[in-house]
Amino acid sequence: MSLYEDLKWRGLIKDVAGEESELQKVLDGQPFSFYWGTDPTADSLHLGHYSSLCMAKRLANAGHHPVLLCGGATGRIGDPRPTAEREIISEETVNKNISGIKTQISRLVPTAELVDNYDWLKNYSWLNFLRDIGKYINVNYMLGKDIIQRRLESGITFAEFSYMLMQGYDFVHLFQEKKCIMQVAGSDQWGNITTGVDLIRKMLDKTAYAFTMPLILDSTGKKFGKSEGNALWLNKDKTSAYEIYQYLINTDDAKVLEYLKVFTFLSKEKIEEIYAQQQEHPETRIAQKTLAWEVVKDIHGKEEADNAVNVSQKLFAGDFKGLSVKDILSGMKGVPSFKFEKEEPVIDVLVNNKIAQSRREAREFLNAKAVFVNGEAVTDENQMITKDMALEGKILIFRRGKKKYFIGQI
């Protein structure tokens, strides 16, 4: 299967600048340089960026050269959002974010050449930019872009309005200086991408290529991103490997085939085999397990992926030995919690914190061996529960029956 055929099968080509047949020839032809960019709005990329990183790796694995742009200049302005203007972030924060993102890109796409558009835009005078770039782009053309159209009613600042000119010029610069003949991005960047293609044609009388990938949505129809409130960061100090694993292992059946295609490097044959097994035995959730392990392995390494599997299995079995409090809390998000302030008999802990509704009910649970503290069964109603029992001195985990968990926080 050719690169183009693989990308089409995975559903990764949405909009194409020019004829798709020409794009196919380029993708399956001689090695070329391409670029993908992101603005440094945070000090870490997140799972919403991961599909683009996977795309960069797919093209790199096919022999093409990735140039990954971190927008130190465009990040100071802010890409227009559909709803409201982005908050301007400080110079210090921008530089800190760039450093964090470059570290991640170097690890995740090791063959990538890293560039920052601040390097070529910081000394570009406003007058020269208007003369060199602004004269080639008609305002009516800009107004016709979807992202601008959506903001006209609520209002858009001149800074945001000019963003597409800056990104368009990035393509011109990289076309000239890095021989990047192609740009790849999410479909929300279509207007900015085509501006670059048009500038290269008008300014240089050359042909550039570009295509977008569909935006990857969760089961509720939201993007993966921090503005949506569901960011899963690629920095494990912000989001643990287990959290990513747990999120993906709970992928809706209706989305898992799409995610296997987009987020993993498994072959078409392997993905179809796994999905067939899933269809035949959905209770095994083999597709979700494969997806979660493959993604965590690629982002954080095999050891972290294996550890995430171990944590998941232990939490499911109620076995907390050897698990960190961080992993436990990650796996038990949403579990009711209470403040554990003083030592007292287990029966009082159960009643005072509504783990049982009455002392009689608490005794029934205890006598039935249905009460567990940190995974250990407790049957004596007078057994003292103390802070010394807390895992890492931070939490006590109470289980009532098979599935009802409660966390006592020290």
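Analyst: A residue counts as buried when its relative accessible area is under 20%. It counts as exposed over 50%, and as partly exposed in between. The model here is predicted.

User: Why is Cys 70 called buried?

Analyst: The relative accessible area of Cys 70 is 1%. The cut-off is under 20%. So Cys 70 is buried.

User: How many disulfides does the structure hold?

Analyst: The structure holds 0 disulfides. Take Cys 54, which is in no disulfide: its nearest cysteine sulfur belongs to Cys 70, 18 Å away. A disulfide needs two cysteine sulfur atoms within 2.5 Å.

User: Why is Cys 70 not bonded to Cys 180?

Analyst: Cys 180 holds the closest cysteine sulfur to that of Cys 70, at 15 Å. The limit is 2.5 Å. So the gap is too far for a bond.

User: Is Cys 54 buried or exposed, and how do you know?

Analyst: Cys 54 has a relative accessible area of 0%. Buried means under 20%. Cys 54 is therefore buried.

User: How much of the protein is buried?

Analyst: Buried residues make up 49% of the 410 residues. The protein has 19 helices and 12 strands.

User: What makes S5 an enclosed strand?

Analyst: Strand S5 covers residues 209-213, and 5 of its 5 residues are buried. So S5 is largely enclosed by the rest of the structure. Tyr 209, Phe 211 and Met 213 point one way, while Ala 210 and Thr 212 point the other way. All of them are buried.

User: How do you know that S4 and S5 pair?

Analyst: Pairing takes at least two bridges between two strands. Strand S4 (residues 180-186) and S5 have 5 bridges, in the parallel sense. So they count as a pair. One bridge joins Val 184 to its partner in S5, Phe 211. With helix H11 (residues 190-204) added, S4 and S5 make a right-handed β-α-β unit.

User: What is the strand order in the open sheet of 5 strands?

Analyst: The order is S6-S12-S11-S8-S9, and the pairing is mixed. Strand S6 (337-339) and strand S9 (376-377) each have a single partner strand, so one side of each is left without a neighbour in the sheet. That is why they stand at the edges.

User: How do you know that S6 and S12 pair?

Analyst: S6 and strand S12 (residues 404-409) share 3 bridges, in the parallel sense. At least two are needed. So S6 and S12 count as paired. Ser 337 stands opposite Ile 407 in S12.

User: What makes the contact of Glu 22 and Lys 25 a salt bridge?

Analyst: The N to O distance between their side chains is 3.5 Å. The cut-off is within 4 Å, between a nitrogen of Lys or Arg and a carboxyl oxygen of Asp or Glu. So this pair is a salt bridge. Both residues lie in helix H2 (residues 20-27), 3 residues apart, about one turn of the helix. Glu 22 is partly exposed at 34%, and Lys 25 is exposed at 57%. A search of the whole structure finds 21 salt bridges.

User: What separates Glu 294 and Lys 297 in helix H15?

Analyst: About one helical turn separates them, because they are 3 residues apart in H15 (residues 286-300). Their side chains meet in a salt bridge at 3.4 Å, N to O. Glu 294 counts as buried at 16% relative accessibility, whereas Lys 297 counts as partly exposed at 32%.

User: Which parts does the pair of Glu 376 and Lys 321 tie together?

Analyst: The two residues form a salt bridge, with the closest N and O atoms 3.7 Å apart. Glu 376 lies in strand S9, and Lys 321 lies in the loop between helix H16 (302-317) and helix H17 (325-331). So the pair ties together parts that are 55 residues apart in sequence. At 44%, Glu 376 is partly exposed, while Lys 321 is exposed at 56%. Elsewhere, salt bridges that share partners join Asp 43, Lys 96 and Lys 238 into one network.

User: Why is Trp 126 called exposed?

Analyst: Its relative accessible area is 62%. Exposed means over 50%, so Trp 126 is exposed. Trp 126 lies in helix H6 (residues 126-132). Together with Leu 130 and Phe 158, Trp 126 makes a nonpolar surface patch of about 380 Å².

Key
Residues are numbered from 1 along each chain as its sequence is written. This is a predicted model: local features need pLDDT of at least 70, side-chain atom pairs count only at pLDDT 80 or more; totals for chains, interfaces and linings use all residues. Side-chain values use heavy atoms; hydrogens and water are left out. Buried means under 20% relative accessible area, exposed over 50%, partly exposed in between (1.4 Å probe, protein chains only). Helices (H or I, at least four residues) and strands (E, at least two) are DSSP runs, numbered from the N terminus. Patches are made of residues with over 30% relative accessible area and no salt bridge: like charges are joined within 9 Å, nonpolar side chains (Val, Leu, Ile, Met, Phe, Trp, Tyr) within 5 Å. Accessible areas come from the Shrake-Rupley method with a 1.4 Å probe; for residues, only the protein chains shown count as cover. A crossover is right-handed if, with the strands pointing away from the viewer, the path from the first strand over the helix to the second runs clockwise.
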